[in-house]
Amino acid sequence: MDNAVVEREPLKHVQVREYVRDLLGDSTPGTPAPSERELVQKFGVARMTVRQAMDALVAEGLLERIPGRGTFVAKPRNQVGRLLSYTAEMQRRGLLAESQTILARREQAGPGVARALDLTEGDAVIHWKRLRRADGSPMCVEDAYLNEVLLPGFLQSGMPTSLYHSLAMRGMRPTWAEDSVTADLPTHEEAQALEIAPGTPVLRVSRRAVAGDKVVEVSRSVYRADRFTLYVQLSDD
C-alpha cells in the first residue's frame, strides 16, 4: 500500500471562515460582511456551516453582529476601553450619530447630583437631556449634569453636536471616567422615546467623568439592549 501522505481538503466551515477573513481583513470597521445566504450559495454548504464560520470570526473579534442590522467588521479590540463621546463611539461602530435635545436648562443641584459633581446641594448645574440616534434609529436617552461654574456661557452658546468635543475646546475634556451598568426595564416614557415595546430590556449606564481633578459630567443613559453592545477591555497587568 502506498505510504504517501494524503492532504485532506479543509473542512467546509474553515474554507468559509478563511474566505471571509481574506475578504474583510483590511476593511474599515463597519464594513458589511457577506450575508449567510450569499455564502451558502457561493460554497454550496448548509447555513449552519456558514454560521459556524461566522461565529468563529465574531469570537476572534474580526466581526460583530448588530441585531436587526447584520454582521460587520468590528473595531480593533485594542481600542476598547478608550474614553469616547457617544458621537465618536458610534463612528467607531460605523454608524452615523445624531442627537435631539429634549431638555437643556440651568438647575439647582439635588443631593445626588451635588455629591457626584463634588458640589454643594443647591449649586448651579447644567441639565442636558438628549435622545441619541444611530443611523436614524433611537439608540439611547442620555441625561447629563454638568458643573456650570466650569462651563460659563455653555447654554448661551448653542448646544454642541458633541459634548466631549465642546469640553475639549474649553480644555475640560474628561481624561478619566467610571461607568456602572445595570440591566433594567424601561419606563413608559423611555420605551416611547426608544421606540421599543414596554417590558423590553434596556441597559442603564451611569457615568462620572473627570478632567484633571474636576468632575465635569455625571450622566445616566438608557440604551436599547437589542442595538447596543458594551465592550470592556480586560488585562492581567
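**Close-up views of a predicted model**

Phe 228 is buried, with 8% relative accessible area (buried means under 20%, exposed over 50% and partly exposed in between, with a 1.4 Å probe and protein chains only). Please keep in mind that this is a predicted model, in which local features need pLDDT of at least 70 and side-chain atom pairs count only at pLDDT 80 or more, while totals for chains, interfaces and linings use all residues. Residues are numbered from 1 along each chain as its sequence is written, and side-chain values use heavy atoms, with hydrogens and water left out.

**View A. Trp 128 meets Phe 154 edge-to-face.** Rings of Phe, Tyr and Trp (its six-membered ring) pair if their centres lie within 6.5 Å; planes under 30 degrees apart count as stacked, over 60 as edge-to-face and the rest as tilted. This gives 3 aromatic pairs. In one of them, the ring centres of Trp 128 and Phe 154 are 6.0 Å apart, with 65 degrees between the planes. Trp 128 belongs to strand β4 (residues 124–134), whereas Phe 154 sits in the loop between β5 (137–147) and α6 (163–169), so to speak of separate stretches is fair: the pair links distant parts of the chain, 26 residues apart. Helices (H or I, at least four residues) and strands (E, at least two) are DSSP runs, numbered from the N terminus. Both Trp 128 and Phe 154 are buried.

**View B. Tyr 223 and Phe 228 form a stacked pair.** Their ring centres lie 4.1 Å apart and their planes are at 25 degrees, so the pair counts as stacked. Like Phe 228, which is buried at 8%, Tyr 223 counts as buried, with 10% relative accessibility.

**View C. Arg 130 places its charge over Trp 128.** The charged end of Arg 130 is 3.6 Å from the centre of the Trp 128 ring. For a charge to sit over a ring, NZ of Lys or CZ of Arg must be within 6 Å of the ring centre and within 35 degrees of the ring normal.

**View D. Helix α1 has its buried residues along one face.** Helix α1 covers residues 12–24, 13 residues in total, and its end C-alpha atoms are 19 Å apart, which agrees with the expected span of 18 Å (1.5 Å times one less than the number of residues). His 13, Val 14, Val 16, Val 20 and Leu 24 are buried in α1. Down the helix axis, the buried residues fall within an arc of 165 degrees, so they line one face (the arc is that of the directions from the axis to the C-beta atoms).

**View E. Glu 36 bridges to Arg 47.** A salt bridge is a side-chain nitrogen of Lys or Arg within 4 Å of a carboxyl oxygen of Asp or Glu, and the structure holds 15 of them. Here the closest N and O atoms are 3.0 Å apart. The pair links helix α2 (residues 36–43), home of Glu 36, to helix α3 (residues 47–60), home of Arg 47, with their positions 11 residues apart in the numbering. Glu 36 is buried at 17%, while Arg 47 is partly exposed at 41%.

**View F. Asp 118 bridges to Arg 208.** Their closest N and O atoms are 3.2 Å apart. Asp 118 lies in the loop between α5 (111–116) and β4, and Arg 208 in strand β7 (residues 202–211), so the bridge ties together parts 90 residues apart in sequence. Asp 118 is exposed at 54%; Arg 208 is partly exposed at 28%.
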